[in-house]
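Here is a quick walk through one protein model, from single residues up to the way its pieces pack. Have the viewer open and follow along.

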Amino acid sequence: MNEYTYPILFGVTVGILTRLYLLKTDYRQYPTYLHGKIIHIALGFIAAGLGTIAVPAIMEKEFAAITFLALAASQFRDVRNMERNTLNELDRYELVPRGKTYIEGIAIVFEGRNYLVIFASFVSTLAYLVWNIWFGIVAAAISFIVARKFMSGSRLGEIVDVEYVKPHFKGAGLYVDNIYIMNIGLEARREEILRYGMGFILKPKNFNARSTIANLGQRQAILHDVSTALGVYRDSGTPALVPLAKRDLDDGRVGIFILPQEKDIEKAKAIICNVPALENAIRMPTKSETNQVGKVLK
């Protein structure tokens, strides 16, 4: 044992605790119990070790050791590839797929959280060595706050208003409000849709939100989350029972048609509001220089 033993143990512990705090399995069941979690905890341990060891290396002027951080960045990019490939394979067997935009967002999150672990371990160990363990504990607490802030982004409820509208037919055409969803030819299928179907209208709060919910990946994420949380009334080979999201071309509203096994309007609205606003789907056309002049976009 030497002067760095306890600070290193402290930094690694903080890093692992940070990764455990960020590791959450919710209704989407990913990462899975138990082996999926073991993989991410092991990677969190490696990230914590890298962040912690960097501090003594700098103090001992072993600057070559810092190159391991660059190597870590390369390895954690492979984490993103691993998650992307795994979820793409699984998505083929989902009754309501996540979609590639949602999958890419999940993969980015798992990569980014390893960097948060490195940050937490580095800051905690540095505070311990420069001052004492109490400053290290304060730094660890600040790291937890930062990790919590970056744990998740914005939610759909922040950019849209959700309104329930009962689906209806005009001839063979299925509509949610005045938004056309699809054509249903069989009378038996129409009866099932009217019995089990639910419709929701997403009203964007501003022009940026209108562009965001127009993204096909964002719409697919909504359908997947609602179908995962409330179940879905369909099986393979039943294209007429596929949940869909269609856009009103005039005002940018989006009509959501779902077939949940649990028909609860308030729960469904809460789930839609809690769907992540996907980073890859967010658009901000009002920030464009050309849109700063002239008529205000609404």
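## A buried arginine and its partner

Let's start with Arg98, which is buried at a relative accessible area of 5%. Keep in mind that this is a predicted model. What does the Arg98 side chain meet in a salt bridge? The partner is Glu94, with 3.6 Å from N to O. Glu94 is partly exposed, its relative accessible area being 31%. So the two ends of this bridge fall into separate classes: Arg98 comes in at 5%, under the 20% limit for buried, while Glu94 at 31% sits between 20% and 50% and is therefore partly exposed.

## More charged pairs

The Arg98 and Glu94 pair belongs to a bigger story about charge. Side chains of opposite charge can pair when their charged atoms come close. How many salt bridges does the structure hold? The count is 13. Some of the charged residues are linked in a network of salt bridges, made up of Arg80, Arg84, Glu104 and Glu111.

Another bridge joins Asp161 to Lys205, and here the closest N and O atoms are 4.0 Å apart. Asp161 lies in strand β1 (residues 160-164), whereas Lys205 is in the loop between β5 (198-204) and α7 (207-213), so this pair ties together parts that are 44 residues apart in sequence. Asp161 is partly exposed at a relative accessible area of 42%, and Lys205 is partly exposed too, at 45%. Then there is Lys267 with Glu262, where the closest N and O atoms are 2.7 Å apart. Lys267 has a relative accessible area of 40%, which makes it partly exposed, and Glu262 is partly exposed at 34%.

## The open sheet

Now for the strands. Strands of a sheet pair through backbone hydrogen bonds, either parallel or antiparallel. In what order do the four strands of the open sheet run? Going across, they are β1-β5-β7-β6, and the pairing is antiparallel. At the edges stand β1 and β6 (244-247), each with a single partner strand, so one side of each is left without a neighbour in the sheet. From one strand to the next, the twist averages 20°.

Take the β1 edge as an example: β1 and β5 run antiparallel and are joined by five bridges. Glu163 is a handy spot to look at, since it stands opposite Ile201 in β5. The strand β1 also carries Asp161, whose salt-bridge partner Lys205 is in the loop between β5 and α7.

## Helix α8 and its neighbours

What lies across β5, β6 and β7 (254-258)? That would be helix α8 (residues 216-230), running at about 30° to β7.

Helix α8 has a helical neighbour as well. Two packed helices are described by the angle between their axes and the distance between the axes. For α8 and helix α9 (residues 265-274), the angle is about 135° and the axes are 9 Å apart. That makes α8 oblique to α9, and the crossing is right-handed. On the α8 side, Ile222, Asp225, Val226, Ala229 and Leu230 take part, meeting Lys267, Ala268, Ile271 and Ile272 in α9. Lys267 may ring a bell: it also forms the salt bridge with Glu262.

## Two residues worth a click

Is Ser124 in helix α4 (residues 100-130) buried or exposed? Ser124 is buried, with a relative accessible area of 0%. Leaving aside residues up to four places away in sequence, Ser124 touches Phe10, Val14, Gly136, Ala139, Ala140 and Ser143.

The other one is Asp177, in the loop between β3 (173-176) and β4 (179-183). Asp177 has a positive phi of about 60°, although it is not a glycine. Asp177 is also partly exposed, at 33% relative accessibility.

## Zooming out

Step back to the whole protein and you get nine helices and seven strands. The C-alpha atoms fill a box of roughly 80 × 50 × 30 Å along the principal axes.

Of the 298 residues, 43% count as buried, Arg98 and Ser124 among them. As for contacts with a separation of 6 or more, 76% are between residues 24 or more positions apart.

Note on methods:
Residues numbered from 1 in each chain as written. Predicted model: local features only at pLDDT ≥ 70, side-chain atom pairs only at ≥ 80, totals over all residues. Heavy atoms only, no water. Buried < 20%, exposed > 50% of the residue type's maximum accessible area, 1.4 Å probe, protein only. Helix = DSSP H or I, 4+ residues; strand = E, 2+ residues; numbered from the N terminus. Pairing = 2+ DSSP bridges. Axes fitted to C-alpha atoms, helices over the stretch in contact; angles between N-to-C directions. Contact = heavy atoms within 4.5 Å. Parallel < 35°, antiparallel > 145°, perpendicular 65-115°, else oblique. Left-handed = near helix turned anticlockwise from the far one by under 90°.
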